[in-house]
Amino acid sequence: MAATTPDPPPQLIESFFSNLDEQNSLLTKYTDLYKTLIDNFTNLQKSLDEKSQTLDSNLQTLDSNLTQTLDSLQKREDSLPELLDSLSTAVESRKNVAISEATKPIPDESESISEKLSWVCGRMDPTLLVKFLLVKRREASTLRLKMSAALSECVDAERFVVDAVRDFVQMKREKRVGMTDFRWACSMAVGSMFPPENLKEGKVGMAGLSRVFSKKAVERAEAVLREWKEVADNEAAEGEGSGGCGMWHSEAAMFIEVVLGFGLVEMFDREFYKKLIVEFCGRRVMAKLAVPIFGDEIADLIEELVKDGKEIETIYFAFESGLTEKFQPVSLLKTALRKSKKNCVNILKKGHNSSAATDEANNTEMISIKAIIKCVEDHKIEEQFPIESLRKRLAVLEKDKADKKGATVRYSKRTGGARPSGTPHSRPAKRSSPYPTFARRDHAPQSRLNPASMYPSPYTYPSQTTYDTGLAPSTYPPSYGGSHIPTSTPAPPTHVDQYYGVPGGGTGNAGNTSSYGSEVGYASYDYGATVAPAYHPPAYP
(Lines give C-alpha, C1' and ligand atoms only; values in the text may rest on other atoms or scores of the structure.)
Protein backbone atom coordinates (compact mmCIF):
# COMPACT_ATOMS: atom_id res chain seq x y z
CA MET A 1 0.00 0.00 0.00
CA ALA A 2 1.49 3.24 -1.21
CA ALA A 3 2.11 6.08 1.18
CA THR A 4 0.16 9.38 0.58
CA THR A 5 1.47 12.94 1.18
CA PRO A 6 -0.82 14.94 3.32
CA ASP A 7 -2.18 18.23 1.86
CA PRO A 8 -0.74 21.40 3.36
CA PRO A 9 -3.06 23.35 5.49
CA PRO A 10 -4.98 26.16 3.75
CA GLN A 11 -3.50 28.78 6.08
CA LEU A 12 0.01 27.93 4.90
CA ILE A 13 -0.97 28.25 1.24
CA GLU A 14 -2.60 31.62 1.83
CA SER A 15 0.45 32.83 3.72
CA PHE A 16 2.73 31.74 0.89
CA PHE A 17 0.77 33.55 -1.78
CA SER A 18 0.51 36.65 0.38
CA ASN A 19 4.26 36.69 0.84
CA LEU A 20 4.72 36.20 -2.89
CA ASP A 21 2.50 39.20 -3.64
CA GLU A 22 4.47 41.40 -1.25
CA GLN A 23 7.75 40.40 -2.89
CA ASN A 24 6.32 41.13 -6.32
CA SER A 25 5.14 44.57 -5.13
CA LEU A 26 8.53 45.43 -3.72
CA LEU A 27 10.24 44.30 -6.90
CA THR A 28 7.95 46.54 -8.98
CA LYS A 29 8.56 49.49 -6.67
CA TYR A 30 12.33 49.10 -6.82
CA THR A 31 12.19 48.78 -10.60
CA ASP A 32 10.27 52.07 -10.90
CA LEU A 33 12.65 53.80 -8.51
CA TYR A 34 15.60 52.59 -10.52
CA LYS A 35 14.10 53.92 -13.73
CA THR A 36 13.47 57.32 -12.05
CA LEU A 37 17.04 57.51 -10.83
CA ILE A 38 18.34 56.59 -14.27
CA ASP A 39 16.21 59.35 -15.84
CA ASN A 40 17.38 61.91 -13.27
CA PHE A 41 21.00 61.05 -13.79
CA THR A 42 20.52 61.23 -17.56
CA ASN A 43 18.91 64.68 -17.35
CA LEU A 44 21.59 65.84 -14.97
CA GLN A 45 24.25 64.69 -17.36
CA LYS A 46 22.60 66.51 -20.23
CA SER A 47 22.31 69.69 -18.13
CA LEU A 48 25.96 69.46 -17.16
CA ASP A 49 26.95 68.97 -20.76
CA GLU A 50 24.90 72.01 -21.86
CA LYS A 51 26.30 74.20 -19.10
CA SER A 52 29.76 73.03 -19.91
CA GLN A 53 29.24 74.00 -23.53
CA THR A 54 27.80 77.38 -22.48
CA LEU A 55 30.73 77.96 -20.17
CA ASP A 56 33.16 77.10 -22.93
CA SER A 57 31.34 79.49 -25.25
CA ASN A 58 31.39 82.25 -22.65
CA LEU A 59 35.08 81.68 -22.06
CA GLN A 60 35.73 82.00 -25.76
CA THR A 61 33.64 85.19 -25.90
CA LEU A 62 35.46 86.56 -22.89
CA ASP A 63 38.80 85.81 -24.47
CA SER A 64 37.66 87.51 -27.66
CA ASN A 65 36.32 90.57 -25.77
CA LEU A 66 39.46 90.73 -23.71
CA THR A 67 41.54 90.72 -26.82
CA GLN A 68 39.40 93.43 -28.42
CA THR A 69 39.48 95.52 -25.23
CA LEU A 70 43.22 95.23 -24.99
CA ASP A 71 43.52 96.25 -28.62
CA SER A 72 41.18 99.20 -28.03
CA LEU A 73 43.13 100.31 -24.96
CA GLN A 74 46.33 100.05 -26.91
CA LYS A 75 44.88 102.16 -29.70
CA ARG A 76 43.60 104.76 -27.21
CA GLU A 77 46.97 104.84 -25.54
CA ASP A 78 48.63 105.32 -28.87
CA SER A 79 46.16 108.12 -29.72
CA LEU A 80 46.62 109.98 -26.43
CA PRO A 81 49.36 112.28 -27.68
CA GLU A 82 47.28 113.26 -30.69
CA LEU A 83 44.17 113.70 -28.51
CA LEU A 84 46.08 115.87 -26.06
CA ASP A 85 47.30 118.02 -28.91
CA SER A 86 43.76 118.45 -30.26
CA LEU A 87 42.37 119.22 -26.81
CA SER A 88 45.11 121.72 -26.19
CA THR A 89 44.28 123.35 -29.50
CA ALA A 90 40.57 123.42 -28.62
CA VAL A 91 41.27 124.88 -25.18
CA GLU A 92 43.53 127.50 -26.68
CA SER A 93 40.89 128.30 -29.28
CA ARG A 94 38.16 128.67 -26.68
CA LYS A 95 40.49 130.72 -24.55
CA ASN A 96 41.12 133.07 -27.44
CA VAL A 97 37.39 133.26 -28.11
CA ALA A 98 36.71 134.06 -24.47
CA ILE A 99 39.42 136.72 -24.43
CA SER A 100 38.10 138.22 -27.64
CA GLU A 101 34.57 138.23 -26.25
CA ALA A 102 35.79 139.83 -23.04
CA THR A 103 37.64 142.55 -24.92
CA LYS A 104 34.99 142.97 -27.56
CA PRO A 105 33.33 146.39 -27.34
CA ILE A 106 29.71 146.71 -26.39
CA PRO A 107 27.51 146.25 -29.46
CA ASP A 108 25.91 149.41 -30.73
CA GLU A 109 22.29 149.86 -31.67
CA SER A 110 22.93 149.04 -35.32
CA GLU A 111 23.79 145.41 -34.55
CA SER A 112 21.11 142.73 -34.44
CA ILE A 113 19.63 141.36 -31.25
CA SER A 114 21.25 137.97 -31.87
CA GLU A 115 24.72 139.56 -31.96
CA LYS A 116 24.00 141.47 -28.78
CA LEU A 117 22.70 138.33 -27.08
CA SER A 118 25.79 136.36 -28.16
CA TRP A 119 28.01 139.09 -26.76
CA VAL A 120 26.15 139.02 -23.43
CA CYS A 121 26.33 135.21 -23.17
CA GLY A 122 30.00 135.31 -24.10
CA ARG A 123 30.68 137.45 -21.06
CA MET A 124 29.46 134.61 -18.79
CA ASP A 125 27.87 137.13 -16.43
CA PRO A 126 24.40 136.06 -15.20
CA THR A 127 23.58 139.53 -13.88
CA LEU A 128 24.40 141.10 -17.24
CA LEU A 129 22.25 138.52 -19.01
CA VAL A 130 19.29 139.24 -16.75
CA LYS A 131 19.64 143.00 -17.28
CA PHE A 132 19.81 142.52 -21.05
CA LEU A 133 16.73 140.28 -21.10
CA LEU A 134 14.76 142.75 -19.01
CA VAL A 135 15.73 145.66 -21.27
CA LYS A 136 14.65 143.64 -24.34
CA ARG A 137 11.57 142.17 -22.69
CA ARG A 138 9.28 143.48 -25.39
CA GLU A 139 11.16 141.29 -27.87
CA ALA A 140 10.69 138.14 -25.80
CA SER A 141 9.62 136.00 -28.76
CA THR A 142 12.80 136.86 -30.67
CA LEU A 143 14.93 136.28 -27.59
CA ARG A 144 13.51 132.78 -27.14
CA LEU A 145 14.42 131.90 -30.71
CA LYS A 146 17.98 133.18 -30.40
CA MET A 147 18.77 132.13 -26.84
CA SER A 148 19.70 128.50 -27.53
CA ALA A 149 22.20 129.46 -30.24
CA ALA A 150 23.72 132.14 -28.00
CA LEU A 151 24.09 129.70 -25.08
CA SER A 152 25.81 127.14 -27.32
CA GLU A 153 28.58 129.66 -27.93
CA CYS A 154 29.32 130.04 -24.23
CA VAL A 155 32.58 128.67 -22.88
CA ASP A 156 30.67 126.81 -20.14
CA ALA A 157 26.95 127.13 -20.80
CA GLU A 158 25.79 124.80 -18.03
CA ARG A 159 27.79 126.67 -15.43
CA PHE A 160 26.50 129.96 -16.79
CA VAL A 161 22.85 128.92 -16.42
CA VAL A 162 23.35 127.23 -13.05
CA ASP A 163 25.03 130.39 -11.74
CA ALA A 164 22.04 132.43 -12.89
CA VAL A 165 19.69 130.06 -11.07
CA ARG A 166 21.90 130.19 -7.98
CA ASP A 167 21.72 133.99 -7.99
CA PHE A 168 17.94 133.78 -8.21
CA VAL A 169 17.77 131.35 -5.28
CA GLN A 170 19.96 133.66 -3.24
CA MET A 171 17.72 136.60 -4.09
CA LYS A 172 14.70 134.49 -3.12
CA ARG A 173 16.28 133.61 0.20
CA GLU A 174 17.06 137.26 0.97
CA LYS A 175 13.68 138.41 -0.44
CA ARG A 176 15.29 141.19 -2.40
CA VAL A 177 13.44 143.60 -4.65
CA GLY A 178 13.24 142.66 -8.32
CA MET A 179 12.90 138.93 -7.76
CA THR A 180 9.95 138.67 -10.18
CA ASP A 181 11.92 140.09 -13.12
CA PHE A 182 14.96 137.99 -12.25
CA ARG A 183 12.76 134.88 -12.13
CA TRP A 184 11.34 135.61 -15.58
CA ALA A 185 14.81 136.07 -17.08
CA CYS A 186 16.16 132.88 -15.47
CA SER A 187 13.13 130.98 -16.67
CA MET A 188 13.81 132.03 -20.25
CA ALA A 189 17.49 131.02 -20.00
CA VAL A 190 16.71 127.61 -18.46
CA GLY A 191 13.89 126.95 -20.92
CA SER A 192 16.21 127.72 -23.83
CA MET A 193 18.94 125.45 -22.51
CA PHE A 194 16.53 122.59 -21.74
CA PRO A 195 13.59 122.81 -24.19
CA PRO A 196 10.53 121.01 -22.75
CA GLU A 197 9.91 119.21 -26.05
CA ASN A 198 13.33 117.56 -25.82
CA LEU A 199 12.95 116.80 -22.12
CA LYS A 200 9.67 115.04 -22.87
CA GLU A 201 11.54 112.71 -25.23
CA GLY A 202 14.05 111.91 -22.50
CA LYS A 203 16.93 113.85 -24.01
CA VAL A 204 19.28 114.98 -21.24
CA GLY A 205 21.72 117.76 -21.97
CA MET A 206 21.85 121.22 -23.44
CA ALA A 207 19.27 121.90 -26.14
CA GLY A 208 18.43 118.20 -26.38
CA LEU A 209 21.82 117.22 -27.74
CA SER A 210 22.15 114.37 -25.19
CA ARG A 211 25.26 116.07 -23.94
CA VAL A 212 26.73 114.40 -20.88
CA PHE A 213 27.66 116.97 -18.28
CA SER A 214 30.74 116.67 -16.15
CA LYS A 215 30.45 115.33 -12.64
CA LYS A 216 31.35 118.71 -11.22
CA ALA A 217 28.59 120.43 -13.21
CA VAL A 218 26.00 117.92 -12.00
CA GLU A 219 27.14 118.35 -8.41
CA ARG A 220 26.79 122.14 -8.73
CA ALA A 221 23.27 121.75 -10.10
CA GLU A 222 22.39 119.30 -7.32
CA ALA A 223 23.60 121.73 -4.64
CA VAL A 224 21.57 124.58 -6.15
CA LEU A 225 18.45 122.40 -6.34
CA ARG A 226 18.75 121.36 -2.70
CA GLU A 227 19.13 124.96 -1.58
CA TRP A 228 16.23 125.96 -3.81
CA LYS A 229 14.00 123.28 -2.29
CA GLU A 230 14.99 124.38 1.23
CA VAL A 231 14.13 128.03 0.52
CA ALA A 232 10.82 127.01 -1.05
CA ASP A 233 9.92 124.90 1.98
CA ASN A 234 10.68 127.83 4.28
CA GLU A 235 8.47 130.15 2.24
CA ALA A 236 5.71 127.54 2.17
CA ALA A 237 5.86 127.36 5.96
CA GLU A 238 5.47 131.15 6.04
CA GLY A 239 2.43 130.99 3.76
CA GLU A 240 4.17 132.42 0.71
CA GLY A 241 4.10 131.03 -2.78
CA SER A 242 1.14 129.24 -4.34
CA GLY A 243 -0.60 126.12 -3.10
CA GLY A 244 1.74 125.60 -0.17
CA CYS A 245 4.68 124.84 -2.48
CA GLY A 246 6.68 127.99 -1.81
CA MET A 247 7.03 128.57 -5.56
CA TRP A 248 5.25 130.42 -8.35
CA HIS A 249 4.21 129.26 -11.82
CA SER A 250 7.31 129.98 -13.89
CA GLU A 251 9.55 129.08 -10.97
CA ALA A 252 8.05 125.60 -10.62
CA ALA A 253 8.49 124.90 -14.33
CA MET A 254 12.08 126.14 -14.18
CA PHE A 255 12.80 123.88 -11.20
CA ILE A 256 11.58 120.77 -13.01
CA GLU A 257 13.47 121.73 -16.18
CA VAL A 258 16.73 121.90 -14.23
CA VAL A 259 15.97 118.55 -12.57
CA LEU A 260 15.27 116.83 -15.89
CA GLY A 261 18.03 118.61 -17.80
CA PHE A 262 20.75 117.37 -15.44
CA GLY A 263 19.12 113.96 -14.93
CA LEU A 264 18.44 114.43 -11.21
CA VAL A 265 14.88 113.12 -11.01
CA GLU A 266 15.76 110.71 -8.21
CA MET A 267 16.75 113.59 -5.91
CA PHE A 268 13.15 114.13 -4.78
CA ASP A 269 10.21 111.82 -4.23
CA ARG A 270 7.29 111.48 -6.61
CA GLU A 271 4.82 113.08 -4.21
CA PHE A 272 6.75 116.34 -4.33
CA TYR A 273 6.70 116.36 -8.14
CA LYS A 274 3.04 115.43 -8.12
CA LYS A 275 2.12 118.26 -5.78
CA LEU A 276 4.14 120.72 -7.84
CA ILE A 277 2.67 119.68 -11.19
CA VAL A 278 -0.93 119.51 -9.98
CA GLU A 279 -0.67 122.95 -8.40
CA PHE A 280 0.75 124.57 -11.54
CA CYS A 281 -0.88 122.37 -14.17
CA GLY A 282 -2.27 125.49 -15.85
CA ARG A 283 1.08 126.04 -17.54
CA ARG A 284 1.10 124.01 -20.73
CA VAL A 285 4.76 123.17 -20.31
CA MET A 286 3.86 121.12 -17.23
CA ALA A 287 2.11 118.52 -19.39
CA LYS A 288 5.37 117.94 -21.29
CA LEU A 289 7.50 117.85 -18.15
CA ALA A 290 5.23 115.38 -16.36
CA VAL A 291 5.70 112.64 -18.98
CA PRO A 292 9.41 111.87 -18.34
CA ILE A 293 8.94 112.10 -14.56
CA PHE A 294 5.96 109.78 -14.12
CA GLY A 295 6.16 107.62 -17.24
CA ASP A 296 3.50 104.89 -17.09
CA GLU A 297 2.19 106.23 -13.77
CA ILE A 298 1.01 109.50 -15.33
CA ALA A 299 -2.55 108.11 -15.52
CA ASP A 300 -2.81 108.44 -11.73
CA LEU A 301 -1.72 112.07 -12.00
CA ILE A 302 -4.37 112.78 -14.63
CA GLU A 303 -6.99 111.10 -12.46
CA GLU A 304 -6.18 113.57 -9.71
CA LEU A 305 -6.61 116.47 -12.13
CA VAL A 306 -10.05 115.15 -13.02
CA LYS A 307 -10.99 114.90 -9.35
CA ASP A 308 -9.85 118.50 -8.81
CA GLY A 309 -12.18 119.68 -11.58
CA LYS A 310 -9.41 120.78 -13.96
CA GLU A 311 -10.91 119.50 -17.19
CA ILE A 312 -9.04 121.74 -19.64
CA GLU A 313 -5.67 120.92 -18.06
CA THR A 314 -6.60 117.24 -18.12
CA ILE A 315 -7.06 117.40 -21.89
CA TYR A 316 -3.56 118.80 -22.41
CA PHE A 317 -2.05 116.11 -20.17
CA ALA A 318 -4.04 113.38 -21.93
CA PHE A 319 -2.81 114.45 -25.37
CA GLU A 320 0.80 114.75 -24.25
CA SER A 321 0.75 111.30 -22.64
CA GLY A 322 -1.31 109.60 -25.36
CA LEU A 323 -4.20 108.69 -23.05
CA THR A 324 -7.05 110.33 -24.97
CA GLU A 325 -8.99 107.06 -25.14
CA LYS A 326 -9.13 106.81 -21.37
CA PHE A 327 -9.67 110.55 -20.81
CA GLN A 328 -11.93 111.55 -23.69
CA PRO A 329 -11.53 115.24 -24.62
CA VAL A 330 -15.11 115.80 -25.82
CA SER A 331 -16.60 114.56 -22.56
CA LEU A 332 -14.20 116.72 -20.56
CA LEU A 333 -15.03 119.80 -22.66
CA LYS A 334 -18.76 119.31 -22.12
CA THR A 335 -18.15 119.03 -18.40
CA ALA A 336 -16.10 122.24 -18.41
CA LEU A 337 -18.86 124.06 -20.30
CA ARG A 338 -21.53 122.93 -17.84
CA LYS A 339 -19.41 124.05 -14.91
CA SER A 340 -18.90 127.44 -16.53
CA LYS A 341 -22.65 127.98 -16.85
CA LYS A 342 -23.20 126.87 -13.27
CA ASN A 343 -20.49 129.18 -11.95
CA CYS A 344 -22.03 132.16 -13.75
CA VAL A 345 -25.47 131.42 -12.30
CA ASN A 346 -24.00 131.09 -8.80
CA ILE A 347 -22.14 134.41 -9.14
CA LEU A 348 -25.33 136.21 -10.14
CA LYS A 349 -27.29 134.53 -7.35
CA LYS A 350 -24.75 135.48 -4.68
CA GLY A 351 -24.53 139.04 -6.00
CA HIS A 352 -28.32 139.41 -6.16
CA ASN A 353 -28.11 140.15 -9.90
CA SER A 354 -26.28 143.40 -9.25
CA SER A 355 -24.22 145.23 -11.85
CA ALA A 356 -20.98 144.04 -10.26
CA ALA A 357 -22.19 140.43 -10.22
CA THR A 358 -23.22 140.70 -13.87
CA ASP A 359 -19.77 141.99 -14.84
CA GLU A 360 -18.07 139.26 -12.83
CA ALA A 361 -20.25 136.56 -14.39
CA ASN A 362 -19.56 137.90 -17.88
CA ASN A 363 -15.82 137.94 -17.26
CA THR A 364 -15.90 134.42 -15.82
CA GLU A 365 -17.82 133.14 -18.83
CA MET A 366 -15.44 134.89 -21.25
CA ILE A 367 -12.40 133.30 -19.61
CA SER A 368 -13.98 129.84 -19.72
CA ILE A 369 -15.06 130.16 -23.34
CA LYS A 370 -11.63 131.38 -24.43
CA ALA A 371 -9.95 128.45 -22.67
CA ILE A 372 -12.30 125.95 -24.32
CA ILE A 373 -11.88 127.46 -27.79
CA LYS A 374 -8.09 127.54 -27.41
CA CYS A 375 -8.02 123.93 -26.26
CA VAL A 376 -10.13 122.77 -29.20
CA GLU A 377 -7.99 124.72 -31.69
CA ASP A 378 -4.71 123.49 -30.22
CA HIS A 379 -5.70 119.84 -30.54
CA LYS A 380 -7.71 120.21 -33.77
CA ILE A 381 -10.88 118.52 -32.55
CA GLU A 382 -13.45 120.95 -33.97
CA GLU A 383 -15.17 118.11 -35.82
CA GLN A 384 -15.85 116.29 -32.55
CA PHE A 385 -16.66 119.47 -30.60
CA PRO A 386 -18.01 122.38 -32.74
CA ILE A 387 -17.19 125.79 -31.31
CA GLU A 388 -18.98 128.15 -33.71
CA SER A 389 -21.71 128.91 -31.16
CA LEU A 390 -19.03 129.57 -28.54
CA ARG A 391 -17.31 132.06 -30.86
CA LYS A 392 -20.58 133.91 -31.38
CA ARG A 393 -21.26 133.99 -27.65
CA LEU A 394 -17.73 135.28 -27.01
CA ALA A 395 -18.20 138.01 -29.61
CA VAL A 396 -21.41 139.13 -27.87
CA LEU A 397 -19.73 139.23 -24.46
CA GLU A 398 -16.73 141.16 -25.77
CA LYS A 399 -18.98 143.66 -27.53
CA ASP A 400 -21.01 144.22 -24.37
CA LYS A 401 -17.83 144.73 -22.38
CA ALA A 402 -16.44 147.18 -24.93
CA ASP A 403 -19.70 149.14 -25.04
CA LYS A 404 -19.82 149.38 -21.26
CA LYS A 405 -16.20 150.46 -21.15
CA GLY A 406 -16.83 153.13 -23.76
CA ALA A 407 -19.80 154.45 -21.82
CA THR A 408 -17.69 154.61 -18.67
CA VAL A 409 -14.94 156.53 -20.49
CA ARG A 410 -17.41 159.05 -21.93
CA TYR A 411 -18.96 159.55 -18.52
CA SER A 412 -15.53 160.00 -16.97
CA LYS A 413 -14.62 162.73 -19.47
CA ARG A 414 -17.79 164.68 -18.68
CA THR A 415 -17.68 164.39 -14.91
CA GLY A 416 -13.94 164.48 -14.33
CA GLY A 417 -13.92 161.13 -12.48
CA ALA A 418 -14.26 157.50 -13.39
CA ARG A 419 -16.00 154.67 -11.68
CA PRO A 420 -13.86 151.52 -11.72
CA SER A 421 -15.25 149.02 -14.22
CA GLY A 422 -17.06 146.11 -12.67
CA THR A 423 -17.78 147.85 -9.35
CA PRO A 424 -21.31 148.56 -8.14
CA HIS A 425 -22.66 152.07 -8.16
CA SER A 426 -22.09 153.70 -4.79
CA ARG A 427 -25.00 155.08 -2.86
CA PRO A 428 -24.96 157.87 -0.30
CA ALA A 429 -25.39 156.94 3.33
CA LYS A 430 -28.96 156.98 4.54
CA ARG A 431 -29.95 159.71 6.98
CA SER A 432 -32.94 159.97 9.21
CA SER A 433 -34.87 162.92 7.84
CA PRO A 434 -38.57 163.80 7.90
CA TYR A 435 -38.34 165.01 4.32
CA PRO A 436 -39.08 162.84 1.28
CA THR A 437 -36.32 161.47 -0.89
CA PHE A 438 -34.40 163.89 -3.05
CA ALA A 439 -35.91 162.52 -6.25
CA ARG A 440 -39.50 162.94 -5.01
CA ARG A 441 -39.30 166.59 -3.99
CA ASP A 442 -40.52 169.33 -6.23
CA HIS A 443 -37.95 170.17 -8.83
CA ALA A 444 -36.33 173.58 -8.60
CA PRO A 445 -37.22 176.07 -11.31
CA GLN A 446 -34.80 176.33 -14.22
CA SER A 447 -33.72 179.80 -13.22
CA ARG A 448 -32.31 178.40 -9.98
CA LEU A 449 -30.19 175.81 -11.84
CA ASN A 450 -27.80 178.48 -13.06
CA PRO A 451 -24.34 177.42 -11.82
CA ALA A 452 -23.32 181.00 -11.05
CA SER A 453 -26.20 181.46 -8.65
CA MET A 454 -26.31 177.86 -7.48
CA TYR A 455 -22.60 177.52 -6.56
CA PRO A 456 -21.21 180.90 -5.47
CA SER A 457 -18.62 178.98 -3.40
CA PRO A 458 -17.62 175.31 -3.26
CA TYR A 459 -20.65 173.28 -2.15
CA THR A 460 -22.23 176.26 -0.34
CA TYR A 461 -25.93 176.36 -1.16
CA PRO A 462 -27.67 179.76 -1.34
CA SER A 463 -30.75 178.52 0.45
CA GLN A 464 -31.67 175.65 2.72
CA THR A 465 -35.44 176.10 2.44
CA THR A 466 -35.83 173.22 0.01
CA TYR A 467 -33.69 170.64 1.77
CA ASP A 468 -32.72 171.40 5.34
CA THR A 469 -31.08 168.70 7.42
CA GLY A 470 -30.36 170.94 10.34
CA LEU A 471 -26.67 171.23 9.48
CA ALA A 472 -24.88 174.50 8.88
CA PRO A 473 -23.71 175.09 5.31
CA SER A 474 -20.09 174.08 4.87
CA THR A 475 -17.67 173.00 2.20
CA TYR A 476 -16.56 169.41 1.76
CA PRO A 477 -12.98 168.63 2.64
CA PRO A 478 -10.45 168.12 -0.15
CA SER A 479 -10.64 164.32 0.28
CA TYR A 480 -14.02 164.43 -1.50
CA GLY A 481 -12.61 165.85 -4.66
CA GLY A 482 -10.98 169.14 -3.68
CA SER A 483 -12.41 172.37 -5.01
CA HIS A 484 -15.70 171.90 -6.86
CA ILE A 485 -16.77 174.90 -8.91
CA PRO A 486 -18.43 173.51 -12.03
CA THR A 487 -18.58 175.73 -15.04
CA SER A 488 -21.74 174.20 -16.42
CA THR A 489 -24.44 171.85 -15.35
CA PRO A 490 -23.32 168.40 -16.52
CA ALA A 491 -25.80 166.04 -18.08
CA PRO A 492 -26.78 162.85 -16.30
CA PRO A 493 -24.36 160.01 -16.95
CA THR A 494 -25.02 157.73 -19.89
CA HIS A 495 -23.51 154.55 -18.39
CA VAL A 496 -25.94 151.70 -18.95
CA ASP A 497 -25.37 148.25 -17.51
CA GLN A 498 -26.08 145.21 -19.68
CA TYR A 499 -28.13 142.12 -18.99
CA TYR A 500 -26.01 139.07 -18.48
CA GLY A 501 -26.68 136.95 -21.54
CA VAL A 502 -28.73 139.54 -23.47
CA PRO A 503 -26.78 141.87 -25.78
CA GLY A 504 -27.74 145.49 -25.51
CA GLY A 505 -30.15 145.04 -22.62
CA GLY A 506 -30.26 147.80 -20.03
CA THR A 507 -30.44 147.21 -16.34
CA GLY A 508 -32.06 150.47 -15.35
CA ASN A 509 -29.33 151.11 -12.80
CA ALA A 510 -27.63 153.98 -14.61
CA GLY A 511 -26.43 157.33 -13.46
CA ASN A 512 -25.10 156.39 -10.06
CA THR A 513 -21.44 157.16 -9.48
CA SER A 514 -18.86 156.99 -6.75
CA SER A 515 -17.16 160.26 -7.69
CA TYR A 516 -17.92 162.89 -5.08
CA GLY A 517 -16.17 165.55 -7.08
CA SER A 518 -18.99 166.14 -9.56
CA GLU A 519 -22.54 167.46 -9.31
CA VAL A 520 -25.20 165.80 -11.42
CA GLY A 521 -28.91 166.35 -11.78
CA TYR A 522 -30.06 164.42 -8.72
CA ALA A 523 -33.58 165.70 -9.17
CA SER A 524 -34.07 163.32 -12.10
CA TYR A 525 -32.73 160.22 -10.34
CA ASP A 526 -34.48 157.96 -7.87
CA TYR A 527 -32.25 155.66 -5.82
CA GLY A 528 -35.14 153.37 -5.10
CA ALA A 529 -35.91 152.74 -8.77
CA THR A 530 -33.16 150.16 -9.39
CA VAL A 531 -34.25 147.32 -11.67
CA ALA A 532 -32.42 144.02 -11.09
CA PRO A 533 -30.95 142.59 -14.27
CA ALA A 534 -32.21 139.23 -15.41
CA TYR A 535 -29.95 136.33 -16.32
CA HIS A 536 -30.75 134.60 -19.57
CA PRO A 537 -28.71 131.45 -20.22
CA PRO A 538 -26.60 131.58 -23.38
CA ALA A 539 -27.77 129.77 -26.49
CA TYR A 540 -24.65 127.65 -27.02
CA PRO A 541 -24.91 123.94 -26.21
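Phe160 touches Cys121, Met124, Asp125, Pro126, Leu129, Leu151 and Cys154, leaving aside residues up to four places away in sequence. The structure that holds these contacts is a predicted model, and its chain of 541 residues, 34% of which count as buried, contains 17 helices and 2 strands. Among contacts with a separation of 6 or more, 66% are between residues 24 or more positions apart. The accessible surface of the chain is about 32900 Å², and carbon and sulfur atoms contribute 55% of that surface.

**Phe160 and its surroundings**

- Phe160 is a residue of helix H5, which covers residues 157-174, and its relative accessibility is 1%, which is under the 20% limit, so Phe160 counts as buried.
- Between the C-alpha atoms of Phe160 and Ala189, which stand 29 residues apart along the chain, the separation is 9.6 Å.
- Met124, one of the residues that Phe160 touches, belongs to the loop between helix H2 (113-122) and helix H3 (126-135).
- With a relative accessibility of 26%, Met124 counts as partly exposed, and its phi is positive, near 55°, although Met124 is a residue other than glycine.

**Nonpolar cores**

- The largest nonpolar core comprises 99 residues, and those with the most contacts inside this core are Leu133, Phe255 and Phe317.
- Another core, of 5 residues, lies apart from the largest one and includes Cys344, Ile347, Leu348 and Ala361.
- In soluble globular proteins, nonpolar side chains tend to be buried together.
- Phe317 touches Ile277, Cys281, Met286, Ala287, Ala290, Leu301, Ile302 and Leu305, again not counting residues up to four places away in sequence.

**Helices H11 and H13**

- Helix H13 spans residues 311-321, and its buried residues are Glu311, Ile312, Thr314, Ile315, Tyr316, Phe317 and Ala318.
- The buried residues of H13 are covered by elements that include helix H10 (270-279), helix H11 (284-294), helix H12 (298-307), helix H14 (329-350) and helix H15 (355-379).
- Gly322 follows H13 and has a positive phi, near 75°.
- H11 is mostly covered, with 9 of its 11 residues buried, and these buried residues are Val285, Met286, Ala287, Lys288, Leu289, Ala290, Val291, Ile293 and Phe294.
- The cover over the buried residues of H11 includes helix H7 (196-200), helix H9 (249-261), H10, H12 and H13.
- Gly295, just after H11, takes a positive phi of about 60°.

**The H14 and H15 pair**

- H14 and H15 pack with their axes 8 Å apart and at an angle of about 170°; because an angle over 145 degrees counts as roughly antiparallel, the two helices H14 and H15 are roughly antiparallel to each other.
- H14 contributes Leu333, Ala336, Leu337, Ser340, Cys344, Ile347 and Leu348 to the contact, while H15 contributes Ala357, Thr358, Glu360, Ala361, Thr364, Glu365, Ser368, Ile372, Cys375 and Val376.
- Sorted by class, the contact of H14 with H15 has 11 nonpolar, 4 polar and 2 charged residues.
- Cys344, Ile347, Leu348 and Ala361, which take part in this contact, are also among the residues of the core of 5 residues.
- His352 is found in the loop between H14 and H15, and with a relative accessible area of 69% it is exposed.
- The phi of His352 is positive, about 55°, although His352 is not a glycine.
- Most residues other than glycine have a negative phi.

**Partly exposed helix residues**

- Glu219 has its place in helix H8, residues 215-237, and at 43% relative accessibility it counts as partly exposed.
- Glu219 and Leu264 are 45 residues apart in sequence, and their C-alpha atoms are 9.9 Å apart in space.
- Thr180 has its place in helix H6, residues 179-193, and counts as partly exposed at 48% relative accessibility.
- From Thr180 to Phe168 the C-alpha to C-alpha distance is 9.6 Å, with their positions 12 residues apart in sequence when counted as a separation.

Notes
Residues are numbered from 1 along each chain as its sequence is written. This is a predicted model: local features need pLDDT of at least 70, side-chain atom pairs count only at pLDDT 80 or more; totals for chains, interfaces and linings use all residues. Side-chain values use heavy atoms; hydrogens and water are left out. Helices (H or I, at least four residues) and strands (E, at least two) are DSSP runs, numbered from the N terminus. Buried means under 20% relative accessible area, exposed over 50%, partly exposed in between (1.4 Å probe, protein chains only). Contact means heavy atoms within 4.5 Å. Accessible areas come from the Shrake-Rupley method with a 1.4 Å probe; for residues, only the protein chains shown count as cover. A nonpolar core is a set of buried Ala, Val, Leu, Ile, Met, Phe, Trp, Tyr and Cys residues joined through side-chain atoms within 4.5 Å. Axes are lines fitted to C-alpha atoms, for helices over the stretch in contact, and angles run from 0 to 180 degrees between N-to-C directions. Angles under 35 degrees count as roughly parallel, over 145 as roughly antiparallel, 65 to 115 as roughly perpendicular and the rest as oblique. Ala, Val, Leu, Ile, Met, Phe, Trp, Tyr, Cys and Pro count as nonpolar, Asp, Glu, Lys and Arg as charged, and the others, Gly among them, as polar.
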